[in-house]
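Here's a quick briefing to read alongside the sequence and the 3D view. Have both open and click along as you go.

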Amino acid sequence: MADVGVRAARREDVLQVANCQIRAWRYGYRDFLPEGPLEQMTGPAAEKMWLRQWDEAIVAPPSPMHRVLVAVETILDTEGFPALGAGGSAALVTPRGGERVVGLASHAPAEDPDLDPSVVAEMLTLLVDPDFVRRGHGSRLLNATVDYLRDDGFRQIVTWVFADNYAVLGFLESAGWGEDMAERVLDMGRPIRMVRLTTDIS
């Protein structure tokens, strides 16, 4: 059993947020990103960089409309953490019985040059720890993101997704998002295509 919820991230969450991101990337991107670049994104050197960046994003965001949200579970009994294999539970950074960050979302005014940042926001991150998927955390984070941005006066949200990340594409499409024909290609040893999705929240 566990109590669950979504709240604004706090400074004491920074380590858990970075840890959650790295675990989610390692598990969720391993089937379509090249091994070398993925290791560069999630290895020890990258971890230090993400800690600095998340600390800045949470503690000193550029504006009140730049936010980091976290999904949390307060573990009430013994649970397993199998997703990353035998070492999966070794990465935990909170003791059993305490509140654990199990997902995160971040958003900001859109920066793509074809979008109006006064009415269009971008969901920069939506990740759930691989040991806590299928518990509603992604939906709660998505709904909270929409609520915050609607209250801020935004009418549209966009997000960029790897074209081969079928799990996230399917999740967002089931929530009413759709591709808007914009795309970008990253050089990660081979071309990696990303597509932009959008949803109306007016």
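A residue counts as exposed when its relative accessible area is over 50%, and as buried when that value is under 20%. By that cut-off Arg 134 is exposed, because its relative accessible area is 86%. Keep in mind that this is a predicted model. The protein chain has five helices and seven strands, and 49% of its 202 residues count as buried.

**The overall picture**

- Reading from the N terminus, the elements of the protein chain go β-α-α-α-β-β-β-α-β-α-β-β.
- Among contacts in the protein chain with a separation of 6 or more, 71% join residues that are 24 or more positions apart.
- The protein chain has an accessible surface of about 10300 Å², and carbon and sulfur atoms make up 52% of that.

**How confident is the prediction?**

- The protein chain has a mean pLDDT of 91, with 88% of its residues at 70 or more.
- Residues 86-92 are another story: pLDDT there is below 50, and the stretch has eight contacts in the model beyond near neighbours in sequence.

**Aromatic residues**

- How many aromatic pairs are there? The count comes to five.
- Take Trp 25 and Trp 50: their ring centres are 5.2 Å apart and their planes sit at 85 degrees, so this pair is edge-to-face.
- That pair ties together distant parts of the chain, with Trp 25 in helix H1 (residues 14-28) and Trp 50 in helix H3 (residues 44-59), 25 residues apart.
- Both Trp 25 and Trp 50 are buried.
- Tyr 29 and Phe 32 make a tilted pair, because their ring centres are 5.5 Å apart and their planes are at 50 degrees.
- Tyr 29 and Phe 32 are buried too.
- Those four residues join Phe 162 in one aromatic cluster: Trp 25, Tyr 29, Phe 32, Trp 50 and Phe 162.
- Over at Trp 160, Arg 184 lies over the face of the ring, 3.8 Å from the ring centre.

**The nonpolar cores**

- Which residues touch the most other members of the largest nonpolar core? In this set of 28 residues, they are Val 17, Tyr 29, Leu 33, Trp 50, Trp 54 and Phe 162.
- Two or more residues of this core come from each of H1, helix H2 (35-42), H3, strand S2 (67-75), strand S3 (99-109), strand S5 (156-162) and strand S7 (191-200).
- H1 supplies the largest share, seven residues.
- Zoom in on Trp 54 and, skipping neighbours within four places in sequence, you'll find contacts with Val 14, Val 17, Ala 18, Gln 21, Val 68, Leu 104, Ser 106 and Thr 125.
- Another core, of 25 residues, lies apart from the largest one; its members include Leu 141, Phe 154, Ala 163 and Ile 201.

**Two buried residues to click on**

- Gly 5 lies in strand S1 (residues 2-8), and its relative accessible area of 18% makes it buried.
- Leaving out neighbours within four places in sequence, Gly 5 is in contact with Val 70, Ala 71 and Val 72.
- The C-alpha atoms of Gly 5 and Glu 73 are separated by 6.8 Å, though these residues are 68 residues apart along the chain.
- Asn 165 sits in the loop between S5 and helix H5 (166-174). Is Asn 165 buried or exposed? Its relative accessibility is 8%, so Asn 165 counts as buried.
- Beyond neighbours within four places in sequence, Asn 165 is in contact with Tyr 29 and Phe 32, two members of the aromatic cluster.

**Out on the surface**

- Arg 52 is part of helix H3 and counts as exposed, at 57% relative accessibility.
- Arg 52 and Val 14 are 38 residues apart in sequence, with 8.7 Å between their C-alpha atoms.
- Most residues other than glycine have a negative phi. Arg 134 has a positive phi of about 60 degrees although it is not a glycine; this exposed residue is in the loop between strand S4 (120-128) and helix H4 (137-151).
- Met 181 isn't a glycine either, yet has a positive phi of about 80 degrees.
- Met 181 belongs to strand S6 (residues 178-187), and at 73% relative accessibility it counts as exposed.

Terms used:
Residues numbered from 1 in each chain as written. Predicted model: local features only at pLDDT ≥ 70, side-chain atom pairs only at ≥ 80, totals over all residues. Heavy atoms only, no water. Helix = DSSP H or I, 4+ residues; strand = E, 2+ residues; numbered from the N terminus. Buried < 20%, exposed > 50% of the residue type's maximum accessible area, 1.4 Å probe, protein only. Contact = heavy atoms within 4.5 Å. Areas by Shrake-Rupley, 256 points an atom, 1.4 Å probe, with all protein chains shown as cover. pLDDT = per-residue confidence, 0-100. Phe/Tyr/Trp six-rings, centres within 6.5 Å; stacked < 30°, edge-to-face > 60°. Lys NZ or Arg CZ within 6 Å of the ring centre and 35° of its normal. Core = buried A, V, L, I, M, F, W, Y, C linked by side-chain atoms within 4.5 Å.
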